Amino acid sequence: DTETALAYSAWYMDESLLGKRVMDVARSVDYVLSRPEADGRLRVVGKGMGGLWCLYAAALDSRIKSLISVRSLLSYRTLAQTDRYKYGANVFVPDVLLSLDLPEVSAAISPRPLALISPLGAMQQPVKASSAEETYQWTRAVYSGAGLSDRFLAEGPSPDLDISTNYLNLFDYLDRVSKEHGNRE
């Protein structure tokens, strides 16, 4: 597909398509915060590949005050440990597992609130909340070590709520725990 072709072209130029998409998110943050009505409390929701881009962007840019990532890749390790997956080349960063995986990227967002909702496995199927918690033990430990364990969530969707109500409830929760702990950034 087009995304795979773009990923291979980027690699040919010793670049990363995923990195370019993360920079797109960063430029969007620049634009949003340049608006006169922006109050500096930028809360971001990313879904699918957008959730992955936003995860990296939030790790690199502290102007993103909280993040909800929905139906995004659980971890690169899940792809490396199977012989089949439904992800294209656009999800990969060459040699990424030599240095880090998504739980470490997520931990870099601390102390800011982070919610991983219904993360996806290798075949792009939702994984159990217990599997997400196991994968993100290190992230949980980083948040807990800072006394901020309630600022990190890894859970499934709430099927009884429509998606916008679910997001609003999550942002209310993340705002509340941020206020309870003060702004430790």
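Here is a short chat about one buried aspartate, some ring pairs and the nonpolar cores of this model.

Me: Before we start, what kind of model is this, and how are residues numbered?
Reply: It's a predicted model, where local features need pLDDT of at least 70, side-chain atom pairs count only at pLDDT 80 or more, and totals for chains, interfaces and linings use all residues. Residues are numbered from 1 along each chain as its sequence is written, and side-chain values use heavy atoms, with hydrogens and water left out.

Me: What makes Asp 101 a buried residue with no salt bridge?
Reply: Asp 101 is buried, meaning under 20% relative accessible area (exposed is over 50%, partly exposed in between; 1.4 Å probe, protein chains only). A salt bridge needs a side-chain nitrogen of Lys or Arg within 4 Å of a carboxyl oxygen of Asp or Glu. The nearest side chain of opposite charge, Arg 77, is 4.3 Å away, and Asp 101 has no salt bridge.

Me: Which backbone atom does the Asp 101 side chain reach, then?
Reply: The backbone nitrogen of Tyr 76, at 2.7 Å. Asp 101 itself lies in the loop between helix H4 (76–80) and helix H5 (102–107). Tyr 76 has other partners too: leaving aside neighbours within four places in sequence, its contacts (heavy atoms within 4.5 Å) include Leu 18, Tyr 56, Phe 92 and Leu 102.

Me: Why is the pair Tyr 8 and Trp 11 called edge-to-face?
Reply: Rings of Phe, Tyr and Trp (its six-membered ring) pair if their centres lie within 6.5 Å; planes under 30 degrees apart are stacked, over 60 edge-to-face, the rest tilted. Tyr 8 and Trp 11 sit 5.3 Å centre to centre with 75° between the planes, which makes them an edge-to-face pair. They're three residues apart in helix H1 (residues 2–12), so about one helical turn separates them.

Me: How do you know that Trp 11 is partly exposed?
Reply: Its relative accessibility is 26%, so Trp 11 counts as partly exposed. Tyr 8 is partly exposed as well, at 48%.

Me: What makes Tyr 85 and Phe 92 edge-to-face?
Reply: Their ring centres are 5.8 Å apart and the planes stand at 65°, so that pair is edge-to-face.

Me: What makes a set of residues a nonpolar core, and which residues have the most contacts inside the largest one?
Reply: A core is a set of buried Ala, Val, Leu, Ile, Met, Phe, Trp, Tyr and Cys residues joined through side-chain atoms within 4.5 Å. The largest has 35 residues, and those with the most contacts inside it are Leu 55, Tyr 56, Leu 67, Tyr 76, Leu 102 and Leu 114. H3 gives the most, six residues.

How values were computed
Helices (H or I, at least four residues) and strands (E, at least two) are DSSP runs, numbered from the N terminus. Lys and Arg count as positive and Asp and Glu as negative; His and the chain ends are not counted. A polar contact is a pair of N or O atoms within 3.5 Å; within protein, one must be able to donate a hydrogen and the other to accept it, and residues adjacent in sequence count only if both atoms are side-chain atoms.
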